[in-house]
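Reader: I am new to this structure. Please choose one part for a close look, and then lead me from there to its surroundings.

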Amino acid sequence: MPAERSTPLQLAPVGDKAVFLDFDGGRLSSDAGLVLLKDPDEHLGFTRALATVLSDPRDARRVNFPRHDLLKQRVWHMAAGDEDAHDANTLRHDPLFKLRRDRLPETGAPLASQPTISRFANRVARTELSRMALVLVEQCIASSRRAPKVMVLDVDDTEDPVHGNQEPSRYDGYDGGYCFVPLPLYEGLSGRLITSILKAKRFTGSQRLAVLKRLGKRLRHAWPNTLRIFRGDSHCASPEVMPWIEEHPALS
């Protein structure tokens, strides 16, 4: 008996070309899951909001890849498991990667090369990382239809081991290796990410306090009647943080 064939999945058109997804062979991609990323990103405006806080010192007359395109491509790399962009020169020709950039899989121009992606990632400044963290906060606030009665701010430094000689990684004695130690903040009741701040080593008490002050001010402005509960490991109970928490009744 002949094998049953599934009906091709029709995607959004590219230019005047209809686009279908099937499994009949031809030029293949191992990253078909990327088709699920474009529509949610465009609906939320997530990567576009992140791109707006990044500077671009390049001569606009010689730019082939705008910063938003480079950011989206970098996000796709990480979603496909290429955290360090080592495979960017191969993936720039991948039909699914090109399709997500509204380029025809076979005849469309390739995406940015590995050197271009690396230069883009390396020129992000510390102040821009802070502004990107605030974009995450705004995304979290916008995702709630109504103000929550209670929020649990889960704070905990997280080890992110390096896989080579990435800058500016540091040796961390507690974790026993070279790593980054980003500071993610989650809403403990729902599990939603509020924001995350990239850093090469653990935050000091004063740095953690500065983050809580800025975050508390923004959340208080958005949800003035929400009770915010701070929850963290023992190293979060620093002399700088604890007195400030005790002075603010809305943050227990």
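**A buried charged pair**

Author: Arg208 and Asp157 are both buried. Their side chains meet in a salt bridge, with N and O 2.8 Å apart. The pair links distant parts of the chain. Arg208 lies in helix 8 (residues 205-222), whereas Asp157 lies in the loop between strand 3 and strand 4. In sequence the two are 51 residues apart. Keep in mind that this is a predicted model.

Start on one side of that loop, with strand 3. Strand 3 spans residues 150-155 and pairs with strand 9 (residues 227-232). The pairing is parallel and has 6 bridges. One position to find is Met151, which stands opposite Arg228 in strand 9. Strand 3 also pairs with strand 7 (residues 183-187). Here the sense is antiparallel, over 3 bridges. Look at Val155: Leu185 in strand 7 stands opposite. In general, the strands of a sheet pair through backbone hydrogen bonds, either parallel or antiparallel.

Now take the other side of the loop, with strand 4. Strand 4 belongs to an open sheet of 3 strands, in the order 4-6-5, and the pairing is antiparallel. Its edge strands are strand 4 (160-161) and strand 5 (170-172), and each of these pairs on one side only. Strand 4 is joined to strand 6 (residues 177-180) by 2 bridges, and the two run antiparallel. Pro161 has Cys179 of strand 6 as its bridge partner.

Strand 6 offers a way to judge distance. Phe180 and Glu246 are 66 residues apart in sequence, and their C-alpha atoms are 31 Å apart in space. Glu246 sits in helix 9 (residues 241-246). Its relative accessible area is 65%, so Glu246 is exposed.

Back to charge. In general, side chains of opposite charge can pair when their charged atoms come close. The whole structure holds 10 salt bridges. Among them is the one between Arg58 and Asp56, at 2.8 Å from N to O. Arg58 has 25% relative accessibility, so it counts as partly exposed. Asp56 has 28%, and is likewise partly exposed. Another salt bridge joins Arg62 to Asp59, with the closest N and O atoms 2.7 Å apart. Arg62 is exposed, at 62% relative accessibility. Asp59 is partly exposed, with a relative accessible area of 30%. Salt bridges also link Lys38, Glu42 and Asp102 in a network.

What about a buried charge with no salt bridge? Lys98 is such a residue. The nearest side chain of opposite charge is that of Glu106, 6.7 Å away. A salt bridge needs the two atoms within 4 Å. Instead, look at Pro105: the side chain of Lys98 reaches its backbone oxygen at 3.0 Å. Lys98 is part of helix 5 (residues 95-100).

Helix 5 leads on to an aromatic contact. A search of the whole structure finds 1 aromatic pair. The rings of Trp76 and Phe97 have centres 6.3 Å apart and planes at 75 degrees, so the pair is edge-to-face. Trp76 lies in helix 3 (residues 67-79) and Phe97 in helix 5, so the pair ties together parts 21 residues apart in sequence. Both Trp76 and Phe97 are buried.

From Trp76, step across to Ile117. The two are 41 residues apart in sequence and 12 Å apart in space, C-alpha to C-alpha. Ile117 is in helix 6. Its relative accessibility is 0%, so Ile117 counts as buried. Which residues of helix 6 (residues 114-122) are buried? They are Thr116, Ile117 and Phe120. Seen down the axis of helix 6, these residues fall within an arc of 100 degrees, so they line one face of the helix. On the other side of helix 6, Arg119 and Asn122 are exposed.

Finally, the whole chain. The protein chain has 9 helices and 9 strands. It has 252 residues, and 37% of them count as buried. Its C-alpha atoms fill a box of roughly 70 × 45 × 40 Å, along the principal axes. Arg208 and Asp157, where the tour began, belong among the buried residues.

Technical notes: Residues numbered from 1 in each chain as written. Predicted model: local features only at pLDDT ≥ 70, side-chain atom pairs only at ≥ 80, totals over all residues. Heavy atoms only, no water. Helix = DSSP H or I, 4+ residues; strand = E, 2+ residues; numbered from the N terminus. Buried < 20%, exposed > 50% of the residue type's maximum accessible area, 1.4 Å probe, protein only. Lys, Arg positive; Asp, Glu negative; His and termini not counted. Polar contact = N/O pair within 3.5 Å; in protein donor to acceptor, adjacent residues only side chain to side chain. Pairing = 2+ DSSP bridges. Phe/Tyr/Trp six-rings, centres within 6.5 Å; stacked < 30°, edge-to-face > 60°. Arc of directions from axis to C-beta.
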